[in-house]
Amino acid sequence: MKNFSFANRIQNIGKMKAQEFDLVIIGGGINGAGVARDASARGMKVALIETRDFASGTSSKSSKLIHGGIRYLENFEFKLVFEALNERTKLFEMAPHLVHPLRFMIPLYQESRVGMGKMGLGMWLYDALSLFQAPEMHERCNAQESLDRMPALRSTHLLGSYIYSDAYMDDDRLVLETLRSANENGAICANYVKATGAQFEDGRITAVLCEDQIGGEKFAIKARHVVSSVGPWTDEVGHQLFKDWKNILRPTKGVHLTLPKHRLPLSSAVVMGAEKEDRIVFGIPRHEMIIIGTTDTDYKEHPESVTCTPEDVKYLLEITDHYFPGAKVTAHDIIASYAGVRPLVNDGSSSEGKTSREHTIIDDPRGVTFVAGGKYTTYRLMCKQTVDHALKSFTMEDRVKFGPADTTKALNEYTTVDSFHQARALVDSWAEQFGRPVEDMRELAERYGKEAEVICDNNPENYTYWQLEAAQAIDTTMCLHMRDFYARRVHLFLADRNHGVKHIDEIGKVFQEKMGWNDKRLHDEIHMLTEYMAHEVDWKKHF
């Protein structure tokens, strides 16, 4: 695949200043990346800008699940669940290195809002809405069978459980792989470029005004049409572009905690209902950590200010303790936390949990299409619909020319389903070929498929595992800062007890060599990284 590095960023900004684009996309999260991939696959000339790092907003702060949304059945959102389950099937094929099947247990108690009978009907409906294409069908377990499978589960008043299939994923890397695919199609993308306004002619936008957040240069990108895919910043951008913009969002805050796997021995993911509220909290075992979350509370502050509070931690720990009292998980067991803002569209619902996860697409006749809300799982479909909406403002000739493209293909040629399985089979031979530990090659193969071989070929033999990861991030994901590497390219911050601090020097060496940093710049980058780490877990001071 083509390089997608800091050097490409400089070239791309030059192209943005010199060319006119069919579509200029504001926002480099999952929706922006998906729109860029879809539009560029149709043959459209596409530019995408992101104020911060790619996926630095809501798109890296999810529960990291690809799922239909079992609880949305209670809200009768059957269409949303059907679409999500259908897209889940497609994502298994599109990104097998990022989207993995996972079994989920829903334990039910005498005090639960939903009984075994009603939940059983929901399970059959869930499997039916997936057209019975789930990795495995649901199972019903009595109380003892449930405890046999999940011994740490609270036994008091336990009626039984249901076990069903969904999936977990790497949300930030799904954005990056989607952007790499768009880049492969010819989309021109750049992070750390802020949209500051727009130029109008005859009442329509003709250019997006921008500022390079690194070099400081101001410039304009000529656009035939603009797509806003900025998540919780939708109303802010709306007001920036149009004086008559009316707010459409009901933002809610979601917080997650991460734990070492040994502190909460989960045999599968577990769905924990907050019995007195219409919320659920997941316990999600991944190969590197356990994730507990999420909260779901109205949030009225600026999206950049969102953070995990001591109250959020207490709430999640109380629910965890309610279901797993014997585990005695405390705040001191928590490795890290992350908080994000969901850009839900205000539908007048009585509570945060009842607010629909359906997406909204708004076409403004002045040349902008806004997309907001929606579920991560349905991003591909959402983005196709967004491009279709944007094309309404184009001529009939252009609509025919830019007809739908097949975006269900694998995101990366090295990680088709076949390539991914082949990579797993080649681990031992690669380890011998490159003189690297089998464990390192297995990890690279799991994360990158057959691209693992390219990564080893393109980098010095003496690079450590984490140096290979850093080189890959810089060369292929436009990673500009060490903070961005730790936060969104690997799981060091979230999964390592010491947040990967012991690897800072070896990783910093790669950044310094590839980015041409002097010693002062490296020192500043390390300082920025450690400040980020301290800020993210500032709540620990209260425990």
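**Close-ups of a predicted model: two helices and two sheets**

**View 1. Helices H12 and H13 are oblique to each other.** That label follows from the crossing angle, so here's the geometry: in this predicted model, the axes of H12 (residues 427-434) and H13 (residues 438-448) cross at roughly 120 degrees and come within 9 Å. An angle over 115 but not over 145 degrees counts as oblique, which is why the pair gets that name. The crossing of H12 past H13 is right-handed. On the H12 side, look for Val427, Asp428, Trp430 and Ala431; H13 answers with Val438, Met441, Arg442 and Ala445. Sort the H12–H13 contact by class and you get six nonpolar residues, two charged ones and no polar ones.

**View 2. Six strands make up an open, mixed sheet.** Read across it and the order goes S8-S3-S2-S12-S20-S19. Strands S8 (188-191) and S19 (359-364) sit at the edges; each has a single partner strand, so one side of each has no neighbour in the sheet. From one strand to the next, the twist averages 15 degrees.

**View 3. Zooming in on S19 and S20, we find an antiparallel pair.** Six bridges link S19 to S20 (residues 368-373). To pick out one of the pairings, start at Ile361 and look over to S20, where its bridge partner is Val371. Helix H9 (residues 379-390) belongs in this view too: it lies across S19 and S20, as well as S2 (23-26) and S12 (226-228). Its direction runs at about 15 degrees to S19.

**View 4. The four-stranded sheet is open and mixed as well.** Here the strand order is S1-S11-S10-S9. The edge positions go to S1 (20-21) and S9 (193-201), and since each has a single partner strand, one side of each is left without a neighbour in the sheet. S10 (residues 204-212) and S11 (residues 218-223) run antiparallel, joined by five bridges. Within that pair, Glu211 stands opposite Lys218 of S11.

**View 5. Helices H1 and H7 pack on the four-stranded sheet.** H1 (residues 6-18) touches S1, S9, S10 and S11, and its direction makes about 65 degrees with that of S11. H7 (residues 234-241) touches S9 and S10; take S9 as the reference, and the direction of H7 makes about 40 degrees with it.

Note on methods
Residues numbered from 1 in each chain as written. Predicted model: local features only at pLDDT ≥ 70, side-chain atom pairs only at ≥ 80, totals over all residues. Heavy atoms only, no water. Axes fitted to C-alpha atoms, helices over the stretch in contact; angles between N-to-C directions. Parallel < 35°, antiparallel > 145°, perpendicular 65-115°, else oblique. Left-handed = near helix turned anticlockwise from the far one by under 90°. Contact = heavy atoms within 4.5 Å. Nonpolar A, V, L, I, M, F, W, Y, C, P; charged D, E, K, R; others polar. Pairing = 2+ DSSP bridges.
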